[in-house]
Amino acid sequence: MSNRKRHPHKAVEEALRYAEAHDWKIVIGGHHAWGKMYCPDNSAECRCGDFCITCVWSTAKNPETHARMLRRVVDNCSQRS
């Protein structure tokens with residue numbers, strides 16, 4: 001795990017650790033989001049998220065569903081072999 005602040009919801013934190021294990025970069029902060037996940041290969045061919053960037057919400061209506069969505073973004077990344 002990188003030296004970042006933990007997410008307040010356990011399911012989302014586990015999804016972030018999953019993303020980090022697949023070399024995704026987690027950046028905390030932003031205007032409305034808790035942070036963002038960045039694809040390790042942010043290329044024009046890869047469209048796993050919105051230009052390989054996915055927002056991580058701190059107050060998701062359903063944290064477990066949000067965590068599944070974050071894992072799905074990592075799993076569906078076209079750069080992942």
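**Strands, faces and a ring**

Q: Which residue in β3 does Lys 36 stand opposite?
A: This is a predicted model, where local features need pLDDT of at least 70, side-chain atom pairs count only at pLDDT 80 or more, and totals for chains, interfaces and linings use all residues. Residues are numbered from 1 along each chain as its sequence is written, and side-chain values use heavy atoms, with hydrogens and water left out. Strands are DSSP runs of E, at least two residues long, numbered from the N terminus. Opposite Lys 36, in β3, you'll find Cys 55.

Q: How many bridges join strand β2 to β3?
A: Strands count as a pair if DSSP finds at least two bridges between them. Strand β2 covers residues 35-38, and β2 and β3 run antiparallel. The number of bridges joining β2 to β3 is four.

Q: Which side chains of strand β3 point to one face and are buried?
A: "Buried" means under 20% relative accessible area (1.4 Å probe, protein chains only). Side chains alternate along β3, residues 53-56, and Ile 53 and Cys 55 point to the other face and are not buried. That leaves Thr 54 and Val 56.

Q: What pattern does the protein follow along the sequence?
A: Helices are DSSP runs of H or I with at least four residues. The protein has two helices and three strands. Read along the sequence, the pattern is α-β-β-β-α.

Q: Which residue lies over the face of Tyr 18?
A: A charge sits over a ring if NZ of Lys or CZ of Arg is within 6 Å of the ring centre and within 35 degrees of the ring normal. Here the distance from the ring centre is 4.6 Å, and the residue is Arg 71.

Definitions and conventions: Buried < 20%, exposed > 50% of the residue type's maximum accessible area, 1.4 Å probe, protein only.
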